[in-house]
Amino acid sequence: MKRIVVGISGASGTHLACRFISQLKQYTECEVHVVVTDSGRLTASYEEPELFDKALAMADYVHSNASLGESIASGTFKTEGMVIIPCSMKTVAGIASGYSDNLLLRAADVTLKEQRPLVLVARETPMNAIHLRNLAQLASVPGITLMPPMMTYYHNPQTIDDMEDQLIGKIFDRFGLNYPPFERWS
């Protein structure tokens, strides 16, 4: 059984996290483990409370961020890797400094120590020098992919979903998963 860990932190982008979870469940047979920070839950309550609840209900497991004894905190719990979507600059700073005081940060740390893919959908604008320093530090770590949710136009998107499909397809690629709505350049 393939397992993917999905972290949701407090940056704006609840819709992206919810859509990613729903697409994982629609297009793969992966077991989905979700962990959400308190700030992630707060942001979701502002942005997409009903969609957020539906997305969490689709997950196979929703772990308490306060519980460091969960399965995803152990390297012996086999996963394909982890994506943090959206990934706040606070979470980026925690990962960059190795500060693992909650389950989301511990799961990210475990992902790195086990040399599994860690995708950070880092969400902030504008960025300051501290954000950029932390991101640059993470960019040099093997296994980390920084994937800000950038809009794309080369595939002639007609909807926001079309733009999201490009990002989701690129995330799926990092885990060796196929995403049929993803339009590749030909």
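Visitor: How many salt bridges does the structure hold?
Guide: Welcome! This is a predicted model, where local features need pLDDT of at least 70 and side-chain atom pairs count only at pLDDT 80 or more, while totals for chains, interfaces and linings use all residues. Residues are numbered from 1 along each chain as its sequence is written, and side-chain values use heavy atoms, leaving out hydrogens and water. With a salt bridge taken as a side-chain nitrogen of Lys or Arg within 4 Å of a carboxyl oxygen of Asp or Glu, the structure holds eight.

Visitor: Which residue forms a salt bridge with E31?
Guide: Helices (H or I, at least four residues) and strands (E, at least two) are DSSP runs, numbered from the N terminus. E31 sits 2.9 Å from its partner R3, taking the closest N and O atoms. This pair links distant parts of the chain, E31 being in strand β2 (residues 31-36) and its partner, 28 residues apart from it, in strand β1 (residues 3-8). The residue you are after is R3.

Visitor: Is E31 buried or exposed?
Guide: Buried means under 20% relative accessible area, exposed over 50%, and partly exposed in between (1.4 Å probe, protein chains only). R3, at 22%, therefore counts as partly exposed. E31 has a relative accessibility of 13%, so it counts as buried.

Visitor: Where do R106 and D109 both lie?
Guide: Their side chains meet in a salt bridge, 3.4 Å from N to O. R106 is partly exposed at 26%, and D109 is partly exposed too, at 28%. The two are three residues apart, about one turn of the helix, and both lie in α5.

Visitor: How many of the 11 residues of helix α5 are buried?
Guide: Helix α5 covers residues 103-113 and is largely enclosed by the rest of the structure. Its buried residues include L103, L104, A107 and V110. Of the 11 residues, the number buried is eight.

Visitor: Which residue caps the N-terminal end of α5?
Guide: Look for a side-chain oxygen 3.1 Å from the backbone nitrogen of L104. A polar contact is a pair of N or O atoms within 3.5 Å; within protein, one must be able to donate a hydrogen and the other to accept it, and residues adjacent in sequence count only if both atoms are side-chain atoms. The capping residue is N102.

Visitor: How many residues of α1 are buried?
Guide: Helix α1 (residues 14-27) reaches 20 Å from its first C-alpha to its last, close to the 20 Å expected, which is 1.5 Å times one less than its number of residues. Its buried residues pack against β1, β2, α2 (38-47), α3 (49-58), β4 (81-87) and α7, where contact means heavy atoms within 4.5 Å. The helix is largely enclosed by the rest of the structure, and of its 14 residues the number buried is 10.

Visitor: Which element gives the most to the largest nonpolar core?
Guide: A nonpolar core is a set of buried Ala, Val, Leu, Ile, Met, Phe, Trp, Tyr and Cys residues joined through side-chain atoms within 4.5 Å. The largest has 31 residues, and V6, F20, V34, V83, I85 and I171 touch the most other members. The elements that give it two or more residues are β1, α1, β2, α3, β4, β5 (118-122) and α7. With six residues, the element that gives the most is α1.
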